[in-house]
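Subject: Structure for your review

Dear colleague,

Please find below the structure that I would like to hand over to you. I would be grateful if you read the notes after it with the model open.

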Amino acid sequence: MPTILTAEELKELVELALDHELPDFDMDANLYEVYGFDSMAAVALFVELQLRTGVEASVEVAPLLQTGTQIARVVEERTAGIKS
Amino acid sequence: VTSIPTPLEPEAVRALLPYRPPMLMIDRVLGWSDEGIVAEKYVRASDPVVAGHLIHGPHVMPGVLLIELVGQAAYLHALLRDGAAPDSEGPPPARLLGRCKARFLHPAPVGSCIVAEVTQLGRALHGALHHGRLMVDDQVIAEIEVLSAVAAAAPAAGGAAREEG
């Protein structure tokens, strides 16, 4: 059964990574350009993502995941057994 | 991967960590595994960071340096886990603390030995999240969580590494 991350769950992950709440969250917005992600926020996000879903984003793949939609898609694919 | 004998005595710790007194917070390592590391720190009155802290007493380890202790243990754990050896060529990659959560429960007085049990909660990219449980005489004195990452390891276009530590 694939894991489907909702926009609300992604928002919560991003808020946790940024360590502050967001008034709203756009799944297609670039985390680095719109929400001010830096390397430490990215580490926080992907550690938390791994703890919650078991999905590990490699050093090669993680930099390509820059929006909520992209992250949700990879989580869905990986938990469904599809290699991306 | 070079195997690292445990425990690590002070000389081995110094060979791995790019810190020296008074900023070196780890005296020795009792043991480590892929999951975590256990380190010791003695609180000495002669240590300048202790001597200069609350000069009228009580003479205790500064709480903020307990965060540094966990950060250095996490750093050392990352080096050991990734196969660093004291005789490796070149300095280890610097790691910076990004954020922390700390609860200070009891002071660590002069003369005490702090045992830091630091467990890796997760790792991603060039960083990791560690949880530290600090004890003196089997009493938990602090619980500290630190997020750290290799310096200047920007993971993505548009993402900049923090210049803080």
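The notes that follow go through the confidence of the model, the sheet of chain B, some unusual backbone positions, a loop residue of chain A and a pocket.

Confidence

Please bear in mind that this is a predicted model. Chain A has a mean pLDDT of 92, and 96% of its residues reach 70 or more. Among the elements of chain A, the highest mean pLDDT, 96, belongs to helix α1 (residues 7–18). The lowest, 93, belongs to helix α2 (residues 39–53) of chain A.

The sheet of chain B

Chain B holds three helices and six strands. Read from the N terminus, its elements follow the order α-β-β-α-α-β-β-β-β. The chain has 165 residues, of which 48% count as buried.

In what order do the six strands of chain B lie in the open sheet? The order is β1-β2-β4-β5-β6-β3, and the pairing is antiparallel. Strands β1 (28–32) and β3 of chain B stand at the edges; each has a single partner strand, so one side of each is left without a neighbour in the sheet. On average, neighbouring strands of this sheet are turned by 20 degrees against each other, with direction ignored.

It is useful to follow the pairings one at a time. Strand β4 (residues 113–124) of chain B pairs with β5(B) in the antiparallel sense over 10 bridges. Within this pair, Gln120(B) stands opposite His130(B) of β5(B). On to the next pair: β5(B) and β6(B) also run antiparallel and are joined by 10 bridges. Here Arg133(B) has Glu143(B) in β6(B) as its bridge partner. Strand β6(B) in turn pairs with β3(B), again in the antiparallel sense, over nine bridges. In that pairing, the bridge partner of Cys100(B) is Val146(B) in β6(B).

Strand β5 (residues 127–136) of chain B is mostly covered, for eight of its 10 residues are buried.

Two turns with a positive phi

As background, most residues other than glycine have a negative phi, and most peptide bonds are trans. The two hairpins of this sheet region that I wish to point out each contain an exception to the statement about phi.

The first hairpin is formed by β4(B) and β5(B), with two residues between them. Leu125(B), in its turn, has a positive phi near 50 degrees, although Leu125(B) is not a glycine. The second hairpin is that of β5(B) and β6(B), which also has two residues between the strands. In the loop between these strands lies Asp137(B), with a positive phi of about 50 degrees in a residue that is not a glycine.

Which of these turn residues is buried and which is exposed? Leu125(B) has a relative accessibility of 16%, which is under the cut-off of 20%, and therefore counts as buried. Asp137(B) has a relative accessible area of 73%, which is over 50%, so Asp137(B) is exposed.

Two cis peptide bonds

Chain B also contains cis peptide bonds that you may wish to locate. One joins Pro21(B) and Pro22(B), with an omega of about 10 degrees. Pro22(B) belongs to the loop between α1 (10–16) and β1 of chain B. Another joins Gly57(B) and Pro58(B), with an omega of about 0 degrees. Pro58(B) is placed in the loop between α2 (48–51) and α3 (63–81) of chain B.

A buried loop residue in chain A

Leu65(A) lies in the loop between α2 and α3 (68–79) of chain A. Its relative accessible area is 7%, which is under 20%, so Leu65(A) is buried. The C-alpha atom of Leu65(A) is 9.9 Å from that of Ala42(A), and the two residues are 23 residues apart along the chain.

The second largest pocket

Finally, I draw your attention to the second largest pocket, which holds about 220 Å³ of space. Residues of both chains line this pocket, including Leu16(A), Val47(A), Glu48(A), Arg99(B), Cys100(B) and Leu147(B). At least two lining residues each come from α2 of chain A and from β3 (95–104) and β6 (139–150) of chain B. By type, the lining divides into six nonpolar residues, no polar residues and five charged residues.

With kind regards

Definitions and conventions:
Residues are numbered from 1 along each chain as its sequence is written. Chains are lettered from A and ligands numbered from 1 in the order in which they are written. This is a predicted model: local features need pLDDT of at least 70, side-chain atom pairs count only at pLDDT 80 or more; totals for chains, interfaces and linings use all residues. Side-chain values use heavy atoms; hydrogens and water are left out. pLDDT is the predictor's confidence in each residue, from 0 to 100. Helices (H or I, at least four residues) and strands (E, at least two) are DSSP runs, numbered from the N terminus. On a 1 Å grid over the protein atoms alone, a cavity is a set of points where a 1.4 Å probe fits but cannot get out, and a pocket is an open set with protein on both sides within 12 Å along at least five of seven lines; lining residues have an atom within 4 Å of a point. Grid points are joined across faces, edges and corners, and a volume is the space filled by probe spheres set on the points. Ala, Val, Leu, Ile, Met, Phe, Trp, Tyr, Cys and Pro count as nonpolar, Asp, Glu, Lys and Arg as charged, and the others, Gly among them, as polar. Two strands pair if DSSP finds at least two bridges between them. Axes are lines fitted to C-alpha atoms, for helices over the stretch in contact, and angles run from 0 to 180 degrees between N-to-C directions. Buried means under 20% relative accessible area, exposed over 50%, partly exposed in between (1.4 Å probe, protein chains only).
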